[in-house]
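Here are a few short exercises to work through with a structure viewer open. Try each one yourself before you read the solution.

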Amino acid sequence: MGLNAPNSKYFCLYCECESNIRWDMNLKWPINKNTQSKKKPKLFPVIKQKNYIPDELHLLLCISDVLMECFFNDLFKKKEFEWVIKSQIEQTMKSIQVHFEFFKSQGEKWDWTSLMGPDKKKVLQHFPVTNFISGRRGEDIQKLWRNFYDLYMFIRQTDLKDSEIDDFEIKVKEWIYLFCRPNQEKNLSLRFFSASSIEKKNHNQVQLFFGGTTMGGGIKGKSVVQDIMEFENRQLFYLLNNTSQEIQIRNINVEDKENNN
Ligand SMILES: [Zn+2]
């Protein structure tokens, strides 16, 4: 989009927010243009800036990953995790129709099934966090999951009034304050949202694209890049040679002679 990397000083597509002061939610950034960052030419000059849309799928994937990671890290600390809690979580996931398992990865660290978008939505919406973490902390975490789901559903709406967008801004700020609160107690911070979530995003993207992980080069022994390029090549071939990619059903109306010539 003609901007610098997401971790550069002036990263934003719409405003001149600086990376080192973006944490300050009291500052206002008028939405206009980022004139500070003109280093790279636009990749697609034909597409107007206002026609770019935020990638809500990856917003969902990244933030729900962080939420689940925070929650599980709390549970891993408990002595009874391996013998009791682990299977309770797996059963609870099953009860909301999500296939989910914990397993041990390298270095005896716990890992878990990487969920796709639709399953993540179910978890955010229905998983009873308070059954596993008691008191205020459990309630806060559950609220974060539910409220994030609501915020996500809001941005997916097609028609939004200005007043609704203002209300959304307030709710997002409240959500961030709530996210920071349980973490401050445990001496954690927003560093959870580091560049590693972008790597995770890319991983998820590849995973979505191929329906499976390609870590370690994939199963066919071909590089992922080659797979993607072959796929895109085929798409281009279809486009150039007018090959139909789906079955087209045409209704021929005998009465309507004008359109049948
Ligand atoms: Zn901005």
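The exercises below concern a predicted model, and each comes with a worked solution.

**Exercise 1. Work out the order of helices and strands along the chain.**

Solution. Start with the tally: the chain has seven helices and two strands. Next, walk along the sequence, and the pattern reads α-α-β-β-α-α-α-α-α.

**Exercise 2. Find what share of the 261 residues is buried, and describe the exposed surface.**

Solution. Buried residues amount to 30% of the 261 in the chain. Turning to the surface, the chain exposes about 18900 Å². Carbon and sulfur atoms contribute 54% of that area.

**Exercise 3. Identify the residues that coordinate the zinc ion, and decide whether they are buried or exposed.**

Solution. Look for donor atoms first: the SG atoms of Cys-12 and Cys-15 coordinate the zinc ion, at 2.1 Å. Then check accessibility: both Cys-12 and Cys-15 are buried.

**Exercise 4. Determine how helix 1 and helix 4 are oriented to each other, and which residues meet.**

Solution. Two packed helices are described by the angle between their axes and the distance between those axes. For helix 1 (residues 56-76) and helix 4 (residues 135-155), the angle is about 175 degrees and the axes lie 11 Å apart. Angles over 145 degrees count as roughly antiparallel, so helix 1 and helix 4 are roughly antiparallel. Now list the contacts: helix 1 contributes residues including Leu-59, Ile-63, Leu-67 and Phe-71, while those from helix 4 include Ile-141, Leu-144, Trp-145 and Phe-148. By class, the residues of this helix 1 and helix 4 contact are twelve nonpolar, one polar and three charged.

Technical notes: Residues numbered from 1 in each chain as written. Predicted model: local features only at pLDDT ≥ 70, side-chain atom pairs only at ≥ 80, totals over all residues. Heavy atoms only, no water. Helix = DSSP H or I, 4+ residues; strand = E, 2+ residues; numbered from the N terminus. Buried < 20%, exposed > 50% of the residue type's maximum accessible area, 1.4 Å probe, protein only. Areas by Shrake-Rupley, 256 points an atom, 1.4 Å probe, with all protein chains shown as cover. Donors = N, O, S within 2.8 Å, 3.2 Å for Na, K, Ca; no water. Axes fitted to C-alpha atoms, helices over the stretch in contact; angles between N-to-C directions. Parallel < 35°, antiparallel > 145°, perpendicular 65-115°, else oblique. Contact = heavy atoms within 4.5 Å. Nonpolar A, V, L, I, M, F, W, Y, C, P; charged D, E, K, R; others polar.
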